[in-house]
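Thanks for making time this morning. I would like to walk through one model, beginning with a sheet and then moving on to the domains and the ligand.

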Amino acid sequence: QRGVVIVGAGMAGVQTAVALREQGFTGPVTLLGAEPHQPYDRPPLSKAVLLGKAEDSAFDVDFEGLDIDLRLGVEVTGLRAAVHELDTEAGPVPYGILVLATGAQPLTLPGTEGVPGVHLLRTLDDAARLRPVLAASPRAVVVGAGWIGAEFATAAREAGCEVTVVEAADRVLAGALPAEVAEPMARWYQEAGAELITGAKVAGIEEGRVLLADGRTLPAGAVVVGIGARPATGWLDGSGVERGPDGSVTADAYLRTSLPGVYAVGDCASFPSGRYGTRLLVHHWDNALQGPRTVAANILAGEPAQVYDPVPYFWSEQFGRFVQYAGHHGGADTLLLRGDPAGPAWSACWLRDGALVAVLVVGRPRDMAQGRRLIEAAVPLDPAKVSDPEVPLKSA
Ligand code: FAD
């Protein structure tokens, strides 16, 4: 068996190595990771790890026992496919089969890099830097009211900080959710005592303050920028691996890249969704768990055997709520609400041609369990029953 080399030792890279062994791959497996730390899970970084409730979030994987050659602190800088080699500072690394799992990197606000007190939240090092900052309860400004911004604001409130969240769009989660669903979530900020300023652009950040384009100045002992992430694929320039305008490696339905013997998975890769009829770039944990199983199955089969066509899933913990989402919706899908979004438990359902394509759930775990199955089944539902929170979703 040709050896497999995996670039990126995050969730997707680690899970690929583990899945290869679980599925019976006996050849060499090498896992290269740029970060010096034992591979770790990211979701706790904006939750327990940030608040010091957990020391770290290292994966419970016995790399040695699984005969996985884990090499940490190794940044891969180039791919020379013609000779089947990767470039690293420590010299070239040959591969038989290659898996790209380099994840994503957070976007920065141009001109604010290196300003003292400005933070990102992607890595364990980021969280470790932020932890003592939070412990001192500074006045915190969060740029971006997305998933990460909301989770950081939650932690900062819990740490006793005064918090202001600045969002350029006219609402929270503008890239992910329509106004009907996002509006009630904006109220959670107020309830938690965090100030939310929407429709406001940041013009600059200086030490100790954030300047808005409308002339306002916000004092800030700490600033966290959470304005999204982009696939970490710059190192593939000149490699011949095809990428899309969003920077993602454009994998096919088997998670193969445009180069033979090279796969891509996790936050760095997009894939064509047969289910939704569009290419998806998913930046969530479950995708970095499921995708690797398909990659491993196809590597073991030695031919395109398993199609990757998941119902995407993610969760977020914000302001004391557990928010879950499954599926994928577009602007043209019909939105139906189940329950009062001002209350503690409600769901949002999206229908396309009468069938459920996505569901967002707050405090109604049964809707999530049943919704996921209904999305898989793709059967037409009765919109009146879907809108009735008293009717179980599975009976709609
Ligand atoms: P990554 O986790 O980014 O791992 C990629 C790894 O590759 C990194 O360690 C990186 O250093 C390494 N790498 C990059 N370039 C190179 C190179 N050239 N050479 C060698 N190594 C390289 N998702 C949810 O569904 N729910 C949540 O609640 C949630 N919370 C989150 C909270 C935070 C703070 C963050 C940052 C993310 C959260 N996510 C959540 C998203 C989830 O963590 C990601 O989708 C997941 O980590 C993706 O895994 P990955 O392996 O594809 O990428």
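**The sheet, the domains and the ligand**

Let me begin with strand E11 (residues 163-166), which is joined to E12 by three bridges and runs parallel with it; strands here are DSSP runs of at least two residues, helices are H or I runs of at least four, both numbered from the N terminus, and two strands pair if DSSP finds at least two bridges between them. In that pairing, Val 165 stands opposite Leu 196 in E12.

I should say that this is a predicted model, in which local features need pLDDT of at least 70 and side-chain atom pairs count only at pLDDT 80 or more, while totals for chains, interfaces and linings use all residues. Residues are numbered from 1 along each chain as its sequence is written.

The wider picture is an open sheet of five strands, in the order E9-E16-E10-E11-E12, with parallel pairing. Strand E9 (118-119) and strand E12 (195-197) each have a single partner strand, so one side of each is left without a neighbour in the sheet.

Turning to the domains, whose bounds come from an automatic or database domain assignment, the protein chain is given domain 1 (4-105 + 229-301), domain 2 (108-225) and domain 3 (329-395).

Where does the ligand lie with respect to domain 1 and domain 2? Both give residues to the shell around the ligand, so it lies between them. Of the 36 residues around the ligand (C-beta atom, placed from the backbone, within 6 Å of it), Gly 8, Gly 10, Arg 42, Gly 103 and Gly 266 come nearest.
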